[in-house]
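Open the model in your viewer and keep the selection tool at hand. The stops below each start with something to select.

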Amino acid sequence: NAYVNINRIMSVASRLSEAGHYASQQIKQISTQLDQEWKSFAAALDERSTILAMSAVFHQKAEQFLSGVDAWCKMCSEGGLPSEMQDLELAIHHHQSLYEQVTQAYTEVSQDGKALLDVLQRPLSPGNSESLTATANYSKAVHQVLDVVHEVLHHQRRLESIWQHRKVRLHQRLQLCVFQQDVQQVLDWIENHGEAFLSKHTGVGKSLHRARALQKRHDDFEEVAQ
């Protein structure tokens, strides 16, 4: 409404001046002052709108992060460790995906919080000391935003600690499975090949040629065993 009224007044001033009004100089002066005042006010409105929009986005993402903390903690700490290698590899993949999800959510909150703090501590003004918002005191708002940022950071660090603990356990369990698999392969080889070879080859050779042939076969087998 104010914008419409001001446009109407400016139009009237322009017509009066063009019509050769005796006070045209004074009319121009007043209309110029009105134009400057309105632009300053409009800039303050735009700045206020920008700050409020940034604040809404920041608080929305912060509340979404904080509301997901309990579920994320539960996902990081509950349940035993799988015993099969395939299940372990799948669990490790899901665990890494969870970390990326939490990190993405935290990064967005952190970046939005920093951007909002930058605006609050260095307000967007038209560039002169006469701006309606140039002298605005945002100190209380800054403290409120910092409180939320610190709360989010606290939970993110706690989540990362819980996540890291389970990651180590999952990888240790996978290493154990690989070790057990390797051991079983060795035991199976000894039982199915090693002992069978030794029990089958008991001769010592009836001649030098035969003894060396047996020795060569034994050396080859020993190399395979190693």
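The tour goes through aromatic pairs, nonpolar cores, a cavity, a pocket and one residue in a helix. Keep in mind that the model is predicted.

**Stop 1: aromatic pairs**

The count of aromatic pairs comes to 6. Select Trp38 and Phe41, which form a tilted pair, with 5.8 Å from centre to centre and 45 degrees between the planes. Both residues belong to helix H2 (residues 24-77), where they are 3 residues apart, about one turn of the helix. Buried or partly exposed: which is Trp38? Trp38 counts as buried, because its relative accessibility is 18% and the limit for buried is under 20%. Phe41 has a relative accessibility of 38% and so counts as partly exposed.

Next, select Phe65 and Trp72. This aromatic pair is edge-to-face, with 5.4 Å between the centres and 65 degrees between the planes. Phe65 and Trp72 are both buried. Add Tyr106 to the selection: Phe65, Trp72 and Tyr106 form one aromatic cluster.

**Stop 2: nonpolar cores**

Stay on Phe65 and show its surroundings. Which residues does Phe65 touch, not counting residues up to four places away in sequence? With those left out, Phe65 touches Trp72, Val102, Ala105, Tyr106, Val109, Val152, His155, Gln156 and Leu159.

Now widen the view to the largest nonpolar core, which has 23 residues. Phe65, Leu120, Val152 and Leu159 are those with the most contacts inside this core. Helices H2, H3 and H4 are the elements that give two or more residues to this core.

Then select Leu81, Leu88, Leu170 and Cys177. These residues are included in a second, separate core of 7 residues.

**Stop 3: the cavity**

How many cavities of 30 Å³ or more does the structure hold? The structure holds 1 such cavity. The largest cavity has about 60 Å³ of space. To find the largest cavity, select its lining: Cys76, Leu98, Tyr99, Val102, Thr103, Gln156, Leu159, Glu160 and Trp163. The elements that give two or more residues to this lining are helix H3 (85-121) and helix H4 (139-200). Colour the lining of the largest cavity by class, and it divides into 6 nonpolar, 2 polar and 1 charged residues.

Two lining residues also appear at the previous stop: Val102 and Leu159 line the largest cavity, and both are among the residues that Phe65 touches.

**Stop 4: the largest pocket**

Clear the selection and pick Arg48, Ile51, Leu52, Ser55, His59, Leu116, Leu120, Tyr138, Ala141, Gln144 and Val145, which line the largest pocket. About 170 Å³ of space lies in this pocket. H2, H3 and H4 each supply at least two residues of the lining. Which element gives the most to the lining of the largest pocket? H2 does, with 5 residues. By class, the lining of the largest pocket has 7 nonpolar, 3 polar and 1 charged residues.

Leu120 links this stop to an earlier one: Leu120 lines the largest pocket and is one of the residues with the most contacts inside the largest nonpolar core.

**Stop 5: Val186**

Finish by selecting Val186, in helix H4. Val186 has a relative accessible area of 47% and is therefore partly exposed. Add Ala225 and draw a distance between the C-alpha atoms. The two C-alpha atoms are separated by 9.1 Å, while Val186 and Ala225 are 39 residues apart along the chain.

Notes:
Residues numbered from 1 in each chain as written. Predicted model: local features only at pLDDT ≥ 70, side-chain atom pairs only at ≥ 80, totals over all residues. Heavy atoms only, no water. Phe/Tyr/Trp six-rings, centres within 6.5 Å; stacked < 30°, edge-to-face > 60°. Helix = DSSP H or I, 4+ residues; strand = E, 2+ residues; numbered from the N terminus. Buried < 20%, exposed > 50% of the residue type's maximum accessible area, 1.4 Å probe, protein only. 1 Å grid on protein atoms, 1.4 Å probe; cavity = no way out; pocket = protein on both sides within 12 Å on 5 of 7 lines; lining within 4 Å. Points joined across faces, edges and corners; volume = space filled by probe spheres on them. Nonpolar A, V, L, I, M, F, W, Y, C, P; charged D, E, K, R; others polar. Core = buried A, V, L, I, M, F, W, Y, C linked by side-chain atoms within 4.5 Å. Contact = heavy atoms within 4.5 Å.
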